[in-house]
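Please look through the structure shown below before reading on. The paragraphs that follow take it one part at a time.

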Amino acid sequence: MSGEAFNTILNFFFPPRCSGCGKFGDWFCKECFSEVVFVEKQICPLCGSPSIGGLTHAVCKRPWGLDGLISVAELEQPLNKAIYDLKYHWVKVLAPTLAALMIAFLQYFQLDFAGYIFVPIPLDNARQRWRGFNQSDLLGKEVADFLGLPFEPEIIVRRKKTLPQAEIKNEQERKKNMENAFCCSKDKVSGKKIVLVDDVVTTGATLQNAAKELKRKGTLKVWALTLARR
Ligand SMILES: [Zn+2]
Ligand SMILES: [Zn+2]
């Protein structure tokens with residue numbers, strides 16, 4: 001049976017239904033797409049105040065910190081629901097659509113990240129096994145492929161099990177939770193430029209800790225790209 005015939009049968013039994021509004025026809029419909037609130041003002045990943053192009057302010061810069069952060073959209077409905085479905089309902093088919101939001105945004109602002117390697121923030125092993133995939137992995141691969149840039153999901157690994165950041169309310173606790181959570185080998189990252197990809201940024205503690213590990217091992221530049229920001 002051809003892939004097309006298979007899809008026709010699959011769509012008959014499991015017709016695509018919009019994650020945002022529930023309407024049949026698409027996994028994320030055009031109306032919901034048009035309701036996504038794109039980020040107008042990027043912020044400095046360290047202090048959270050507005051910053052042109054998402055660059056870390058010169059005064060905020062830390063030797064092992066992120067060089068900048070680009071977030072594509074605000075974590076509001078209907079996007080919030082789509083990200084939730086992507087993560088917890090195994091709706092893997094949503095990944096290309098959500099990645100398309102990121103691609104459209106990067107193209108609009110002419111951000112091509114030339115010379116960078118795309119690296120997704122890894123889940124811990126237990127969560128990856130349970131879920132079967134890593135949503136940041138799916139998003140990062142789509143975007144990197146579109147831009148024609150290398151995608152290397154194996155570069156960073158989780159050193160320890162962490163609680164989901166969203167489950168921790170206290171900021172100090174969040175920082176502690178992510179401390180030394182990541183590990184990478186020097187020969188893979190030294191002298192390189194890397195874009196970390198994640199689905200949602202909240203306080204940035206996860207991304208900052210991954211950046212710290214990369215820079216300790218000699219990475220020249222570390223930017224972060226997230227689909228949404230809370
Ligand atoms: Zn919809
Ligand atoms: Zn700042």
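In this predicted model, the zinc ion (ligand 1) has as its protein donors the SG atoms of Cys18, Cys21, Cys29 and Cys32, which lie 2.3 Å from it. Along the chain these donors follow the spacing C-x2-C-x7-C-x2-C. The arrangement around the zinc ion (ligand 1) is tetrahedral, because its four donor atoms subtend angles of 105 to 114 degrees, and four donors count as tetrahedral if all angles lie between 85 and 135 degrees. Two of these donor residues can also be described by their accessibility: Cys29 has a relative accessible area of 5% and is therefore buried, and Cys32, with a relative accessible area of 4%, is buried as well.

The zinc ion (ligand 2) is coordinated by the SG atoms of Cys44, Cys47 and Cys60 together with ND1 of His57, at 2.1 to 2.3 Å. In sequence, the donor residues of this zinc ion (ligand 2) are spaced C-x2-C-x9-H-x2-C. Among them, Cys44 and Cys60 form a pair that links distant parts of the chain, since the two are 16 residues apart, with both Cys44 and Cys60 in the loop between α2 (30–34) and β1 (68–74). The four donor atoms around the zinc ion (ligand 2) subtend angles of 97 to 116 degrees, so that this arrangement is tetrahedral. Cys44 counts as buried because its relative accessibility is 0%, while Cys60 is buried with a relative accessible area of 9%.

From the metal sites we can turn to the division of the chain, which consists of domain 1 (1–35) and domain 2 (38–229). The C-alpha centres of domain 1 and domain 2 lie 28 Å apart, and seven residues of domain 1 are in contact with 10 residues of domain 2. The size of an interface is often given as the accessible area lost when the parts come together. Between domain 1 and domain 2 the buried area is about 820 Å², and carbon and sulfur atoms give 77% of this area. Of the area that domain 1 buries against domain 2, Ser19, Phe28 and Phe33 supply 65%, more than any other three residues.

Finally, a database record covers the end of the chain: UniProt, in an unreviewed entry, lists residues 174–229 for "domain: Phosphoribosyltransferase". Over residues 174–229, the model has 38% of the chain in helix and 36% in strand, and the C-alpha atoms at the ends of this stretch are 16 Å apart.

Technical notes. Residues are numbered from 1 along each chain as its sequence is written. Chains are lettered from A and ligands numbered from 1 in the order in which they are written. This is a predicted model: local features need pLDDT of at least 70, side-chain atom pairs count only at pLDDT 80 or more; totals for chains, interfaces and linings use all residues. Side-chain values use heavy atoms; hydrogens and water are left out. Donors are N, O and S atoms within 2.8 Å of the metal (3.2 Å for Na, K and Ca); water is not among the atoms, so sites may look incomplete. Four donors count as tetrahedral if all angles lie between 85 and 135 degrees; four count as square planar and six as octahedral if opposite donors are over 155 degrees apart and all others between 65 and 115; anything else is irregular. Helices (H or I, at least four residues) and strands (E, at least two) are DSSP runs, numbered from the N terminus. Buried means under 20% relative accessible area, exposed over 50%, partly exposed in between (1.4 Å probe, protein chains only). UniProt positions are given in the numbering used here, feature names are shortened, and annotations may be inferred rather than shown by experiment. Domain bounds come from an automatic or database domain assignment. Contact means heavy atoms within 4.5 Å. Buried area is the accessible area (1.4 Å probe) that two parts lose on being put together, summed over both.
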